[in-house]
Structure formats: structure tokens, C-alpha cells
Amino acid sequence: MYSKTVMDHFRNPHNYGKMEDPDGVGKVGNPQCGDEMVIYIKVDNDVIVDVKFETFGCVAAIASSSITTDLVKGKTIEEALKITNKDVVDQLGGLPAIKTHCSVLAEDGIKAAIEDYLKKKKEKEQN
Amino acid sequence: MEKKFIYLDNNATTKVDDIVVKEMQKYFTEVYGNPSSLYDLGQEAKEAIENARQRVAKILNCDASEIYFTGSGTESDNLAIKGVVRRYQNKGKHIITSAIEHHAVLNAVEYLGKKEGFEYSLVKVNNDGIIDLDHLKSLIRNDTIIISIMYANNETGAIQPIEEIGKIAKEKGIYFHTDAVQAAGKLPLDVKKLNVDMMSLSGHKFHAPKGIGILYKRNGINPIPLFHGGHHEKNLRPSTENVPYIMGIAKALEIAYDELEEHKEKIYKLKMMLKEGIEKNIEGVISNTPENSVFNTLNYSFKGIEGESILFSLNDFGIGVSTGSACTSGSLEPSHVIMAMGRDHAICHSSIRFSLSKYNTEDEIKYTIEKLKEVVERIRKISPYKQ
């Protein structure tokens, strides 16, 4: 049912866990729907220098979160914002059609974290 | 040494008993005649299936003429429900079933509602997943023609008060069908004592092959057949009789009831071992299986984790279980059964069913507890809900 890459990321997810003092946090989905993702980013000079995730969800949700953290790590904010759910699916070697929403959630998660970072940055600048 | 797969999903299907396979063999290659053929080879097959019918009837405490062989439990359910409401629709248009039925019943009833102008009501269950009898009574109308309530639930193992429901139906002159697919080989099937008019069974849940079912139908009730064809099964189920599989299901049912006490003791002991192992070793578990349940089934929700991730992680250790959440089976909806028990959505997404058989061992259960603990701890580390 799942590709080898999906299973590898599920078995050994990259960058999971809570981040102390993140610069941005994105929380998407909710346990009511069966999936919730929290993405934390640390940003230095507009570059995402560190990223972590915590996910409540199925195999596809965990694998999507994991690969997305790999995709954004080291990228500039601008580059990271260009990552789509299609990139997530491609990098995973495909997802069953019914699980596509997991990749969408991952895209939304990273965007939410960046949004949070930009909002905080703006607030700091205003103060 | 290659490890054996630890199969804990016996409510999904079971391994066919070697004795059953052996029993069937002869009817593929030796007694292969069509039971409708008049020469000896055909008549020998005919005698064999009539003998099988009698042996099944003995276990159900009914007459052999009331046993019909079908292609599956789903077919038996559809034949009973659609057949009866279509035949007796002049008496009324109302159907009662429950919120926790198998889809073979729920979707058949829903279809009748959507496409054929029938109306239906769903009986509620309590927190233990057991039918609320007062609610059932309140749903009965003058035009109710049939009540269909399962004997034991496939996801939680909860045993339903069939005898009482049958009594209520009888008093009101309503036909009563029970889907006993998960009860066969586990609970008594005496149709007279249970007050049922119709009962569905499925071979592959009790160590017979897939693709063979039984419908018990009390004489005097005349469902409209689903298929039209030859005179087989007294016109109720036209199709050349599947002789080897009929011999297989009869043999499997016989073994299940001849050895019931022995299996019950063994499997219940394993179930209790698993129950204790889970409850003592793993935090944040919610039991979805009540005390009054079939002796092989346990269902738990593991807080903070989605069921599918447990399923795939256990699979990595060679352990097969199923998730109550239909996530893997084409729908993203959480289990309708656990939902009906009033649990929170997240809890419903977290449920795992363990269903045991006579082939499981204590070592397998010990290994499962150990690996389950590891798996739950690992996945909780990834989850925002650490428990």
C-alpha cells in the first residue's frame, strides 16, 4: 500500500520532537479529523536552520511531516514557501490517493510555521 | 529461523482448519458431480450436501429444510433483509437495525431507504456498545416489518441481547434477523432459544474457506430471492451448489461446536493475558470491549496515536491486527462502531482490534505485549500528545 520511502520515513522519521524556543510554530489539522501536525522552525538570516515536527496521524501523515522537514531545512523562507504538496508526494515516491490530504497538511504546516515566524518578526520590528 | 506471522485478526478472517481442507478435497476431484444430475456421481454429491445441511441444522436446533447455503455472510444478510421487506412491503415500510451493524446490513438497509422507499431507524447503543432495549422498543411502529440486530459486534466483541430482542419482535409480530457472523463458533446458535427468524453465518470466520455462507430461515417466511435461476436451495438461492465449500463449512461448524468448551477456555485465557498485559504495561489506554463480549476479541484505543500507525508498526514485527478506524480500508471516517459508543473522535481514530483464535499461543501474546509497548512509546514520541 505504501512506498518504501514512505515506510522508511515512518519507521525512522527525521527531525521529530518539540523544539525549544522556536522562531515560528505552525499547527494544522486536529485530532478530530485523525491528523494533527505541529511544525517548528528556527530561522537565521531568512534561512530555516532547524525544523522539527510532532504529528498525530497515520503512516502517511508521519512520513509527509518527516520528508517536509528534510525539504525545508537549509532553505530560505522564500524557497520554503514554494514547496507544494506535490513535491511532498513526489519525494515520498507517491501516496495512495486517499492519503493525499496528508501531504496537503504538511504543506499547510510549513506555511503556517513561516507565517507565524513572519508575524512575530513584524511585531518585533514594530516594537 | 524464519518467524511465523502472529495472526491476531481472526474477526477479519481465519486460517482454514487442515481437517476442513481434507474434508473438502474429495469433493473437488472425486465426488465432483452436479447435485442436480441424476446419475450416481450427481446423487452422491446431493446426498453429501443434504447430510451437511442436517449437521448444520443440528447445531442451530432447527429443521434441515430451514438451512440455506449462500456465497457469504454479506449475501445471507442481503437475502434476509431485502428478501423479507420486498416480500412483505404491503404490511409496512419500516426497518429497525442498529448503529453498530456490519456494513453488509447497514448499507443494505440504507439502499432500501434511498432507492426503494423504505424507512429505517437505528437503535442506539450504550457506552459499552450494547443495544439500548428501551430505545429499540420506542422505535417500533405499526408498520415495522423487520428488526435486524447483530449477535456479536465485529469490532468490539460486544454480545447483544438477541434473545430479548427476539422476544420483543415476536410479541409485535415483526420478523427478526440476526447477523451472527461473529458469534459462530463462540456463542450458542440455538435459533429457538434465541427467538430468531433468520440468522446469517459466514464460513471464513470459523476456519472454513471464504466464499461460503449460511442463512437460517424459519419455515413459513418467504423472502424474495436476490437471484433468479434454477431450483437450487428451493429457488431461494439459485446457483449450482458449491459442494466442496458446503462440506467445508459444515465440518468447520461441527469442529467449532464439538470443541467449543476447549477453545473457549484456551482463547479466553489468552485474551485475559493480553488484556492484563496491555492494561498493566501501557499508559493511556481505553478499553472498547465490554465484559460481556465474545471470548476472542479485545479492542483498545491508545491515546495520542492514530490506529493505523500502530498497525503498520506491529506488522514490522510480524504481528497482524486491525484498526477500528477505517483509514486503511478506503474511508477516512473513524469507526462507526466506536463512534456510536459515544467516544471522542480522536479516541475512535486510535482504536486497535485484537481477535484471537485456537491457533494462537501464550508466547505469541507475550511477544505482542512487549512489541506493542515499544510501538506505542515510539509513536507517542512523534505525537504532539505525549500522554
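These are my notebook entries on what I looked up in this structure, grouped by topic.

**Confidence**

I began with the reminder that this is a predicted model. For the complex, the predictor reports an ipTM of 0.93 and a pTM of 0.94. I then looked up chain B, where the average pLDDT is 95 and 97% of the residues score at least 70. A note to self for the remainder: where pLDDT is low, the coordinates should not be read in detail.

**Aromatic pairs**

How many aromatic pairs are there over all chains? I get a count of five. One of them joins F28(B) and Y245(B), an edge-to-face pair with 6.3 Å from centre to centre and 85° between the planes. I checked where the two partners sit, and the pair links distant parts of the chain. F28(B) belongs to helix α1 (residues 18-29) of chain B, Y245(B) belongs to helix α7 (residues 243-258) of chain B, and their positions lie 217 residues apart in the numbering.

Are these two rings buried or exposed? F28(B) counts as partly exposed because its relative accessibility is 42%. Y245(B) is also partly exposed, at a relative accessible area of 23%.

I turned next to Y300(B) and F302(B), whose ring centres are 6.4 Å apart. Their planes meet at 50°, so I wrote this pair down as tilted. Y300(B) has 0% relative accessibility and therefore counts as buried. F302(B) is buried as well, with a relative accessible area of 0%.

**Charges over rings**

I looked for lysines placed over aromatic faces in chain B, and here are two that I noted. K93(B) has its charged end over the ring of F118(B), at 4.3 Å from the ring centre. K15(B) lies over the face of Y359(B), and here the distance from the ring centre is 5.3 Å.

**The cavity**

Rolling a probe the size of a water molecule over the atoms shows where empty space is left. How many cavities of 30 Å³ or more does the structure hold? There is one. The largest cavity has a volume of about 210 Å³. Its lining is made of 20 residues, and the closest to the centre are G185(B), K205(B), F206(B), H207(B) and H263(B).

Which elements give two or more residues to that lining? They are α7 and α8 (260-281) of chain B. α7(B) gives the most, with three residues. I also sorted the lining by class and found nine nonpolar, seven polar and four charged residues. I have met α7 before in these notes, since Y245(B) of the edge-to-face pair lies in that helix.

**The second largest pocket**

Here the volume is about 180 Å³. The lining comes from chain B and includes Y151(B), I159(B), Q160(B), P161(B) and I162(B). The acidic side chains I listed there are E163(B), E164(B) and D190(B), and K193(B) also lines the pocket. L187(B), P188(B) and L194(B) are further lining residues. By class, I count seven nonpolar, one polar and four charged residues.

**Positive phi values**

I searched for residues other than glycine with a positive phi, and I wrote down two. N45(A) has a phi near 55°. Where does N45(A) sit? I found N45(A) in the loop between β2 (35-44) and β3 (47-56) of chain A. Its relative accessibility is 73%, so N45(A) counts as exposed.

K234(B) has a phi near 50°, again a positive value in a residue other than glycine. K234(B) is in the loop between β8 (213-217) and α7 of chain B. With 48% relative accessibility, K234(B) counts as partly exposed; the cut-off for exposed is over 50%.

**Distances in chain A**

I picked T76(A) because I wanted a partner for N45(A). T76(A) lies in the loop between α2 (59-72) and α3 (77-81) of chain A, and it is partly exposed at 27% relative accessibility. T76(A) and N45(A) are 31 residues apart in sequence, with 8.5 Å from C-alpha to C-alpha.

My last lookup was N12(A), in the loop between α1 (4-11) and β1 (24-30) of chain A. N12(A) is exposed, with a relative accessible area of 55%. N12(A) and K119(A) are 107 residues apart in sequence, and their C-alpha atoms are 33 Å apart in space.

Terms used
Residues numbered from 1 in each chain as written. Chains lettered and ligands numbered in written order. Predicted model: local features only at pLDDT ≥ 70, side-chain atom pairs only at ≥ 80, totals over all residues. Heavy atoms only, no water. Phe/Tyr/Trp six-rings, centres within 6.5 Å; stacked < 30°, edge-to-face > 60°. Helix = DSSP H or I, 4+ residues; strand = E, 2+ residues; numbered from the N terminus. Buried < 20%, exposed > 50% of the residue type's maximum accessible area, 1.4 Å probe, protein only. Lys NZ or Arg CZ within 6 Å of the ring centre and 35° of its normal. pLDDT = per-residue confidence, 0-100. 1 Å grid on protein atoms, 1.4 Å probe; cavity = no way out; pocket = protein on both sides within 12 Å on 5 of 7 lines; lining within 4 Å. Points joined across faces, edges and corners; volume = space filled by probe spheres on them. Nonpolar A, V, L, I, M, F, W, Y, C, P; charged D, E, K, R; others polar.
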